[in-house]
Every structure is written in C-alpha cells, then in structure tokens.
Amino acid sequence: MFSILDHGKIPLLAEVDVLVAGAGSAGCCAAIAARESGRHSVLLLERYGFAGGSSTQMLDTFYGFFTPGAEPRKVVGGIPDRVVNALDAAGAVFLRPNTYGAGTGVNYNPERLKLVWDELLVRAGVRVLLHAHLVDAETVADGRIQSVVIWTKRGFYRIRATRFIDASGDADLCHAAGLSYEKAGDLEPAQTLTTTFRMSNVDLGAYEKAGGKKILAQKMAGAVDAGTHPLPRKAGSLHAMNARGCISTVAVRVADIDATDFEQLTAAEMEGRRQAFLYEAFLRDCVPGFAESNIIGLSHQIGVRETRRVHGEYRLTREDCLSVARFEDRVLLCGAPIEDHRAAPDGKSEETVWGYIPGGDAYDVPYRTLVPRGRDEILAIGRCFSATHDAHASCRSMGQTMAMGHAAGLAVALSLEKGCGVRDIPVSDLQQRLRGAGAVLETPRRIAHTAADAWAENFADPPAH
Ligand SMILES: Cc1cc2nc3c(=O)[nH]c(=O)nc-3n(C[C@H](O)[C@H](O)[C@H](O)COP(=O)(O)OP(=O)(O)OC[C@H]3O[C@@H](n4cnc5c(N)ncnc54)[C@H](O)[C@@H]3O)c2cc1C
C-alpha cells in the first residue's frame with residue numbers, strides 16, 4: 001500500500017504456509033507452535049543476528065508467569081514453560097520472589113536464552129532467517145496480504161505465505177499492509193524508553209548489608225537533590241543477575257519519543273547511553289558495594305515499551321483488567337498490574353503508575369485481541385496486540401507475550417487445517433489444543449504451598465553474592 005518498490009522485479013525467496021515477522025518472545029513461540037501443529041512450513045524473520053527480541057536484547061527476567069502478592073498463582077504454561085525448563089536444564093534460571101510489584105520474576109541468563117531460542121526453533125523445524133528486515137507487504141485487490149518483502153545484504157526478496165503473524169513489536173507488517181492501529185502518544189503519553197545496562201564486580205553482600213533497595217533510593221534522592229550527579233530521576237531499580245557479582249538495571253528514562261521515527265530514536269539511543277554512564281558514576285561514588293564495579297554491557301538497543309497497537313476485533317481495556325473480565329474466547333490469562341512508565345508533569349522525574357488486578361486475580365485475554373479487524377490472513381501479537389494504552393501496560397510482560405505466541409501459532413495452524421480465515425476458527429478447538437499443550441486458561445485456586453514455591457524447588461538458587 002505504501003510501497004515504492006516494484007514487487008514484480010523482486011525475486012521470490014520462498015513460499016510457505018506461515019510467515020512470522022519478528023523473532024521476539026511472541027514470534028518465537030508462535031513459530032514453534034505453528035510448526036509443531038500439523039508440520040506446516042513456517043518461516044520466521046528477524047532483523048538482528050539472534051532471536052528473542054527484548055528477552056535477549058535488553059532483559060533478564062520473565063514477568064507475568066505469576067500473579068503478584070503474598071500467594072502467587074501461576075497463570076502461564078505451555079510453550080513458555082518449555083522455554084523456562086530449557087533454561088533450567090542449563091542451570092541458567094532462578095526465581096526472584098515478588099519483586100517490584102510485578103510479582104515473582106523468572107530470572108535467566110539472557111546469553112543462554114539466545115541459544116535456547118535457537119535450539120527450540122531448530123528442533124521444531126522452523127526456517128529462521130536472521131539479518132532479514134521486513135520492509136514491505138504486497139497486497140492483492142481485496143487488500144489481503146499475499147507476500148512480504150525483506151531487505152538483506154544480498155538484496156531484496158519476496159516471501160509468499162498463506163498466513164501471517166505480525167510479531168515485530170512495532171506492527172511493521174500491519175503498517176506496511178495499511179491496517180489500522182493506534183500509535184503510542186496519540187491519545188495518552190507514550191511510555192518512556194529505557195537503555196538497560198549491566199555492571200560487574202559488584203559486592204552484592206556489602207550492598208545488601210547497607211540496606212539494598214532502601215539505601216539505593218536514599219542515595220539517588222540525595223545525589224539529585226545535592227546536584228552531585230545529574231541523574232534523570234530519583235528512581236531506578238537494580239537486581240542480581242545470573243552471574244556472580246553482576247547486576248542489571250532498569251533506571252534510564254527517555255521520554256516523549258516516537259520510537260517508529262528513526263531520527264527521534266537516534267537521539268534516544270544516544271541519550272540512553274549518556275544516562276547509563278551517569279548512573280555508573282553515581283553507583284560507584286555513592287552506593288556501598290559498587291566502588292570497584294563498572295558497566296560491562298548496554299542493551300542491544302534502547303528498550304521500547306510501546307509503539308503501534310493494532311485495531312483488532314476486540315480491544316482490551318483498562319476496565320477489562322481492573323474488573324477481572326471473563327471472555328468466552330480467552331486464550332491466555334494475565335494477572336500483571338498496569339505498570340505505566342511515564343514522565344511526571346514536572347518533566348524531570350518519572351512516575352510509574354501502578355494499577356493492581358483486584359484480589360490478586362487474573363483476567364482473561366480474548367482471542368479477538370490478536371485478530372486485526374476484518375482480517376482473515378493475519379494475526380498481530382505481543383507488543384502490538386489490540387489494547388488500549390493502560391491495558392497494554394498490564395498485558396505486555398513476556399509471560400503473556402509468549403502465551404500470545406503459543407495461541408497464535410496454534411490458531412493459524414487450525415485455520416489452515418479447517419480452510420477458514422483466522423477470524424472464523426472454532427475457538428473452542430483452539431482452547432482445547434492450548435489446554436492439551438499445558439497452557440493455563442482457568443485461574444488456578446490459591447494453594448497453601450504456592451505454585452511459585454513448587455516450581456522454585458526445581459530451580460537453582462540465586463547466585464551467591
Ligand atoms: C525497558 C523495558 C523493560 C521491560 N522489563 C520487562 C521485564 O523485566 N519482564 C517482562 O516480562 N517484560 C518486560 N518488558 C516488556 C517486554 O519485554 C515486552 O513487552 C515483550 O518482550 C515484547 O515481546 P514481543 O515479542 O512482542 O516484541 P519484541 O521483544 O520487541 O520482539 C520483536 C522482534 O521483532 C524484530 N523486528 C522488529 N521489526 C522488524 C522488522 N521490520 N523486520 C524483522 N524483524 C523485526 C525485533 O528485532 C524483535 O526481535 C520490558 C520492556 C522494556 C522496553
């Protein structure tokens with residue numbers, strides 16, 4: 001639709017049943033599920049040199065597997081569980097109980113996760129193309145997407161497919177095909193961006209002894225108020241990684257950016273790096289345990305929380321989250337709070353606005369939020385699924401994006417099998433297949449010995465300080 005490319009002159013690289021755009025946590029799970037269900041030919045595209053998206057580009061903790069609170073309930077299973085189990089088999093995972101309001105986190109070694117994604121994808125038989133950037137979509141007269149165009153160092157190629165899954169985070173495929181969406185910042189301020197960074201040689205014992213989180217908050221406020229370190233805000237978190245004496249942070253904050261605009265994103269990347277080294281100086285100078293530490297890694301790119309959110313057959317809302325909505329066509333659950341990272345009105349600090357799901361419960365996420373309005377050939381999942389700003393701020397943890405991927409992969413397989421559009425699949429069949437594959441579709445009852453404890457017993461202990 002927006003194309004200036006002459007599609008007829010672009011060579012056809014492949015013709016497949018299912019094309020998945022973007023190998024983030026959502027896209028990888030979707031590709032595995034689609035391939036394993038009926039042995040359809042599945043091709044997964046990724047612009048970078050490794051799979052995982054945010055899970056490997058910038059993060060090290062899966063949230064969303066558990067509801068927060070004193071009695072966490074496990075609300076995600078299926079393929080996401082297989083990812084965690086593969087990490088566990090490599091000794092690369094531990095649980096972080098009830099951290100920062102988001103509930104129990106599953107901490108992993110992100111470098112090992114790159115290998116785990118490779119292994120799961122290859123074992124399933126997914127054809128993976130790395131360093132392949134989706135740049136265009138070819139539609140036919142009725143607007144249906146017929147193929148995508150990728151740019152590689154070898155040139156442009158077309159890939160034809162019967163079903164498409166947009167898991168690019170930014171809805172690049174839907175955008176290229178002219179589908180409608182809401183852009184972050186259009187109605188409410190877009191969530192802020194964060195360059196995460198990692199530091200080594202931290203004496204975590206000394207840090208905890210001095211007060212841990214409490215001393216960090218105190219020192220940050222002190223440094224900002226006294227003007228000794230011009231940090232962007234008085235907040236920010238850090239946590240022990242899956243490697244001895246190493247920490248990872250969510251501290252940097254860059255506001256008011258349209259992350260689909262490359263010039264704004266360029267400025268944000270540079271600003272993110274600048275802020276990261278301000279935090280390094282602050283931590284070394286002011287926080288017990290950090291004197292001999294330094295940055296050993298910045299995120300592969302600045303972390304983008306939201307950009308385009310596709311208009312789907314249903315739009316998940318704040319009310320759905322806070323009223324613990326139930327839907328007949330649910331395909332996953334979410335108990336994660338609304339966690340909205342936004343710039344405070346003074347422009348100098350950040351407010352993270354939290355909205356908890358009442359009763360430590362989990363709401364249903366309907367299948368229709370994955371189906372772009374009026375479409376038969378494409379699903380949009382993960383960071384670009386159909387939700388309002390607030391609902392997205394709840395339902396964007398990787399537990400949920402992986403669960404969306406699992407559901408979407410099975411859904412496209414089902415639509416191929418039944419010879420119907422993705423809108424018309426029998427959702428009860430999809431739910432049955434999801435349950436059969438270990439996905440959680442009913443909120444588990446609270447149990448005295450919590451699901452988190454039971455799961456944790458199988459896992460390694462956190463690394464010694
Ligand atoms: C700073 C930050 C901190 C967060 N902290 C946590 C946390 O601690 N725990 C948690 O569970 N969640 C956290 N989240 C949220 C979570 O990481 C994301 O919502 C989730 O990872 C999104 O997954 P996704 O697969 O939809 O998208 P992504 O992970 O963004 O994956 C999209 C993939 O598509 C690829 N791609 C994009 N465009 C193209 C293209 N045109 N062609 C080819 N490939 C393309 C990208 O390279 C990427 O690999 C955080 C997010 C941010 C930004």
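A polar contact is taken here as a pair of N or O atoms within 3.5 Å. With that cut-off in hand, the ligand site of this predicted model makes a good place to begin. An oxygen atom of the ligand sits 2.7 Å from a polar backbone atom of Arg 383, so the pair falls within the 3.5 Å limit and counts as a polar contact. The surroundings leave little of the ligand uncovered: of the 1,000 Å² of accessible area that the ligand has on its own, the protein covers 95%.

Two further contacts help to complete the picture. At Thr 61, a backbone N or O atom lies 2.8 Å from a nitrogen atom of the ligand. Arg 47, in contrast, takes part through its side chain, with a polar atom 2.8 Å from an oxygen atom of the ligand. Thr 61 and Arg 383 also belong to the group of residues that come nearest to the ligand, together with Glu 46, Ser 54 and Arg 396. The full set around the ligand numbers 31 residues, and by class this shell divides into 14 polar, 11 nonpolar and 6 charged residues. Several elements of secondary structure contribute at least two shell residues each, namely helix H1 (25-36), helix H2 (54-57), strand S3, strand S7 (133-139) and helix H11 (398-418).

Strand S3 leads from the ligand shell to a sheet. This open sheet has 3 strands in the order S3-S5-S4, with antiparallel pairing. Strands S3 (61-62) and S4 (93-96) have a single partner strand each and stand at the edges, so one side of each is left without a neighbour in the sheet. Strand S4 is joined by 4 bridges to strand S5, which spans residues 105-108. Within this antiparallel pair, Leu 95 has Val 106 of S5 as its bridge partner.

Turning to the enclosed spaces, the structure holds 3 cavities of 30 Å³ or more. The largest cavity has a volume of about 50 Å³. Its lining is made up of Val 75, Val 76, Gly 77, Pro 80, Val 331, Leu 332, Ala 403, His 406, Leu 434, Ala 439 and Val 440. Two or more of these lining residues come from each of strand S16 (330-334) and helix H11. Helix H11 is thus worth a second look, as it appears both in the shell around the ligand and in the lining of the largest cavity. In terms of class, that lining comprises 9 nonpolar and 2 polar residues, with no charged residues.

Terms used. Residues are numbered from 1 along each chain as its sequence is written. This is a predicted model: local features need pLDDT of at least 70, side-chain atom pairs count only at pLDDT 80 or more; totals for chains, interfaces and linings use all residues. Side-chain values use heavy atoms; hydrogens and water are left out. Two strands pair if DSSP finds at least two bridges between them. A residue is near a molecule or strand if one of its heavy atoms lies within 4 Å of it. A polar contact is a pair of N or O atoms within 3.5 Å; within protein, one must be able to donate a hydrogen and the other to accept it, and residues adjacent in sequence count only if both atoms are side-chain atoms. Accessible areas come from the Shrake-Rupley method with a 1.4 Å probe; for residues, only the protein chains shown count as cover. Ala, Val, Leu, Ile, Met, Phe, Trp, Tyr, Cys and Pro count as nonpolar, Asp, Glu, Lys and Arg as charged, and the others, Gly among them, as polar. On a 1 Å grid over the protein atoms alone, a cavity is a set of points where a 1.4 Å probe fits but cannot get out, and a pocket is an open set with protein on both sides within 12 Å along at least five of seven lines; lining residues have an atom within 4 Å of a point. Grid points are joined across faces, edges and corners, and a volume is the space filled by probe spheres set on the points.
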